[in-house]
Amino acid sequence: MLLRFLEQSQLNGLRTVLVITGKGESPFSRHTLHGTGHFHVPERAGRLRRLATEWFHEIEFRRLVSGFQPAHPKHGGGGAYYVRIRRIREDR
């Protein structure tokens with residue numbers, strides 16, 4: 001489903017999408033966007049959160065994804081990623 005979502009996003013010309021993975025089972029609700037100095041919490045055990053980052057590095061995702069980073073707290077923080085979508089290059 002994630003691969004199809006990213007493919008459709010690319011076809012629609014989107015450059016950045018929000019992928020919500022959830023934070024997993026954890027008593028912590030704070031994000032990790034600002035690193036360990038500001039909000040230090042143990043790594044979350046969320047399976048989708050971990051798997052999504054692994055998938056983004058696989059070959060079928062690399063043709064679509066140029067990068068990703070944790071979302072801002074108001075967009076999901078530690079339970080979401082901003083994913084940058086590659087542009088479709090037209091043959092010259």
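Contact is taken here to mean heavy atoms within 4.5 Å. In the predicted model, Ile 85 is in contact by this criterion with Leu 6, Gln 10, Leu 14, Arg 15, Val 17, Leu 64 and Ser 66, residues up to four places away in sequence being left out of the count. Ile 85 is also a member of the largest nonpolar core, described below.

The secondary structure of the protein consists of 3 helices and 3 strands, and the elements follow the order α-β-α-α-β-β from the N terminus. The protein has 92 residues, of which 30% are classed as buried. Its accessible surface amounts to about 6500 Å², with 53% of this area belonging to carbon and sulfur atoms. When contacts between residues at least 6 apart in sequence are considered, 53% of them join residues at least 24 apart.

The 3 strands are arranged as an open sheet with the order S1-S3-S2 and antiparallel pairing. Strand S1 (16–20) and strand S2 (65–70) are the edge strands, each of them pairing on one side only. From one strand to the next, the twist averages 25°. Between S1 and strand S3 (residues 80–85), the antiparallel pairing extends over 5 bridges. Ile 20 has Ala 80, in S3, as its bridge partner. Strands of a sheet pair through backbone hydrogen bonds, in either a parallel or an antiparallel sense.

Strand S2 includes Pro 70. With a relative accessible area of 26%, Pro 70 is partly exposed, since this class covers the range between the 20% limit for buried residues and the 50% limit for exposed ones. The C-alpha atoms of Pro 70 and Val 83 are 8.9 Å apart in space, and the two residues are separated by 13 residues in sequence.

Helix H1 (residues 2–11) lies across S1, S2 and S3, and its direction makes an angle of about 160° with S1. Ser 9 is located in helix H1. The relative accessible area of Ser 9 is 2%, and this residue is therefore buried, the limit being under 20%. Beyond residues up to four places away in sequence, Ser 9 touches Leu 14 and Val 17. Val 17 also appears among the contacts of Ile 85, as does Leu 14.

The largest nonpolar core comprises 12 residues, namely Leu 2, Leu 6, Val 17, Val 19, Ala 52, Phe 56, Phe 61, Leu 64, Val 65, Tyr 81, Val 83 and Ile 85. At least two residues of this core are supplied by each of H1, S1, helix H2 (47–56) and S3. The contribution of S3, at 3 residues, is the greatest. In soluble globular proteins, nonpolar side chains tend to be buried together.

In H2, the buried residues are Arg 49, Leu 51, Ala 52 and Phe 56. Of these, Ala 52 and Phe 56 belong to the largest nonpolar core. The cover over the buried residues of H2 includes H1, helix H3 (59–62), S2 and S3.

Aromatic side chains were examined next. A pair of aromatic rings is described by the distance of the centres and the angle of the planes. The count comes to 4 aromatic pairs. Phe 56 and Tyr 81 form one such pair, which is edge-to-face, with 6.4 Å from centre to centre and 90° between the planes. This pair links distant parts of the chain, as Phe 56 lies in helix H2 and Tyr 81 in strand S3, 25 residues apart. Phe 56 and Tyr 81 are both buried.

The rings of Phe 68 and Tyr 81 have planes at 90° and centres 5.7 Å apart, and the pair is therefore edge-to-face, a class that requires planes over 60 degrees apart. Because Phe 68 is in strand S2 and Tyr 81 in strand S3, this pair ties together parts separated by 13 residues in sequence. The two partners fall into separate accessibility classes: Phe 68 is partly exposed at a relative accessible area of 24%, whereas Tyr 81, at 6% relative accessibility, counts as buried. Phe 56, Phe 61, Phe 68 and Tyr 81 together make up one aromatic cluster. Among the members of this cluster, Phe 56, Phe 61 and Tyr 81 are listed in the largest nonpolar core.

Methods
Residues are numbered from 1 along each chain as its sequence is written. This is a predicted model: local features need pLDDT of at least 70, side-chain atom pairs count only at pLDDT 80 or more; totals for chains, interfaces and linings use all residues. Side-chain values use heavy atoms; hydrogens and water are left out. Two strands pair if DSSP finds at least two bridges between them. Helices (H or I, at least four residues) and strands (E, at least two) are DSSP runs, numbered from the N terminus. Axes are lines fitted to C-alpha atoms, for helices over the stretch in contact, and angles run from 0 to 180 degrees between N-to-C directions. Buried means under 20% relative accessible area, exposed over 50%, partly exposed in between (1.4 Å probe, protein chains only). Accessible areas come from the Shrake-Rupley method with a 1.4 Å probe; for residues, only the protein chains shown count as cover. A nonpolar core is a set of buried Ala, Val, Leu, Ile, Met, Phe, Trp, Tyr and Cys residues joined through side-chain atoms within 4.5 Å. Rings of Phe, Tyr and Trp (its six-membered ring) pair if their centres lie within 6.5 Å; planes under 30 degrees apart count as stacked, over 60 as edge-to-face and the rest as tilted.
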